[in-house]
Amino acid sequence: MRKRLGLTLAAAAAALASTAASVPDAGARGAGDSVRLTASTAPRTTDAAGYYRVAADDLHRKTGIPVATIRQRLVEQPALAGKAAAFKKALGQRAAGSWVDSLGDGRAHVGVLDRDAEERARKSGLVPHRVRHSTTQLNRVKAALDAVGKRQAMPPNSAWWVDAPGNNVSLELSDRQPGGLSVQQAAQKVFAAAELTEEERARVRIGTSPGTIRRHGLVGGDDIQVGPENHDCSAGLGILDGNATYIITAGHCGEPGQTAWRNDGGTIGWITEREYGADGDYALVAVRQPTSWRPFGNLQKGSPDGVFNTYKGWVTQAQLPELDSFFACGSGRYLRWECGSVVDSNASMTSNDKVTTNHLVRVIKMKSRPGDSGGAVMWGGLGLGTIVGGNGEGVTYIQPVATVINAQPGRRLLDWQIW
């Protein structure tokens, strides 16, 4: 029997029936820019009940929070994100971060710099916390670290992100530094390379990780092979660009011009566009038409109750969230179906091969492994992106699908069921 190819995301909530969404630009998060992604049509079918059931069951096993409470929080996440985004826009340069206490009260929290913002937050139904640094100040520090990574001067197996609840920039370094350096010595070298002032250095919290960050290379739905060496990767989301159909996979999977095959040996198409470096980790496989295979919108296998995913219906929106610590759920060859908590929506990592990628989503408690690249990730029923890497210790990095959509005007997410 021919194995099914692909993995799609559903517009799982009724709110997703709208035909357009404002999508923050993943490449310039914090600048206030957004883009409108217009869907060709409203969702025809959804499986909201199935998605929220499986997600809530997994999160209940991990957290002990009642299933009914988690379901409600999953449903409410998009609205909370919208409320936090509006507050951030109103404060402008005085904004100081936002997050959801997903394991506690389930409410949206915000950092504030003064009494006026504190009162405005309460009136907006947000929980305020008085902090010292604005998001703008922290983003400047992170941008300086990004520049070090772009020059390939960051130590291998490192990661950095803006920690909204902690009101700092977290710099995580391997506890095994090259040349016998201590973690503090390595951090000082990074600070010097970034030309951080003493005041800026004080805004950085240094941590350590025992894991090795590797790029993942396999299946999200069904596995595919790429290039003359038959690299095992995965088929991710589909997009339309003009009249051409593409499948998104990880950029580290292959080079432009290389062929991608289905796991039964049938040709899918060729890589026509690739980004692998500071600006992203994705590649587009142009689907050869007509296809000799049928793309399926639903695939079931693997998780404890037998469901690999419950993504039925049409993908209509791709959105990069405006707040952190909400729940996100993904699936992959080894990950099966698992949910975690987003730490930051603009994280950076330098993997074991010393390639740095910025503007990634960092998720904890999602233990992906090599073989999970291409696995689709969603939050609150909205498409988030594709698994591209992790440290094997419960940290996973996601390439936002919004980055791919925003790269060229006119691109939109594809309904796999009508190819």
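Analyst: Let's begin with a polar contact: a pair of N or O atoms within 3.5 Å where, within protein, one must be able to donate a hydrogen and the other to accept it, and residues adjacent in sequence count only if both atoms are side-chain atoms. Here, the side chains of S170 and N168 share one at 3.4 Å. Keep in mind that this is a predicted model, where local features need pLDDT of at least 70 and side-chain atom pairs count only at pLDDT 80 or more, while totals for chains, interfaces and linings use all residues. Residues are numbered from 1 along each chain as its sequence is written, and side-chain values use heavy atoms, with hydrogens and water left out.

User: Which other side chain has a polar contact with S170?

Analyst: That's R205, at 3.0 Å. S170 sits in strand β7; strands (E, at least two residues) and helices (H or I, at least four) are DSSP runs numbered from the N terminus. Contact in general means heavy atoms within 4.5 Å. Skipping residues up to four places away in sequence, S170 touches A159, W160, W161, D163 and R205.

User: Is S170 buried or exposed?

Analyst: Buried means under 20% relative accessible area, exposed over 50%, and partly exposed in between (1.4 Å probe, protein chains only). S170 has 1% relative accessibility, so it counts as buried.

User: How do I read a sheet, and what is the strand order in the open one?

Analyst: Strands of a sheet pair through backbone hydrogen bonds, either parallel or antiparallel. For counting purposes, two strands pair if DSSP finds at least two bridges between them. In this model, three strands make an open sheet ordered β3-β4-β5, with mixed pairing. β3 (98-100) and β5 (127-130) are the edge strands, each pairing on one side only. From one strand to the next, the twist averages 30°. β3 and β4 (residues 108-112) run antiparallel, joined by three bridges; S98, for instance, has V110 in β4 as its bridge partner.

User: Which helix lies across β4 and β5?

Analyst: Helix α3 (residues 115-123), running at about 165° to β5. Axes are lines fitted to C-alpha atoms, for helices over the stretch in contact, and angles run from 0 to 180 degrees between N-to-C directions.

User: What does the side chain of H109 make a polar contact with?

Analyst: One partner is the side chain of H129, at 2.7 Å, and D105 makes a side-chain polar contact with H109 at 3.1 Å. H109 belongs to strand β4 and, at 6% relative accessibility, is buried. Leaving aside neighbours within four places in sequence, the contacts of H109 are G97, S98, W99, D101, V127 and H129.

User: On to cysteines: how many disulfides does the structure hold?

Analyst: A disulfide is a covalent bond between the sulfur atoms of two cysteines; the cut-off here is sulfur atoms within 2.5 Å. The structure has one, joining C329 to C339 with S to S at 2.1 Å. The torsion about that S-S bond is about 105°, so the disulfide is right-handed. Both cysteines, C329 and C339, are buried.

User: Last one: what is phi of N167?

Analyst: Most residues other than glycine have a negative phi. N167 has a positive phi, near 55°, in the loop between β6 (158-163) and β7 (168-174). K354 has a positive value too, near 70°, and is placed in the loop between β18 and β19 (356-364).
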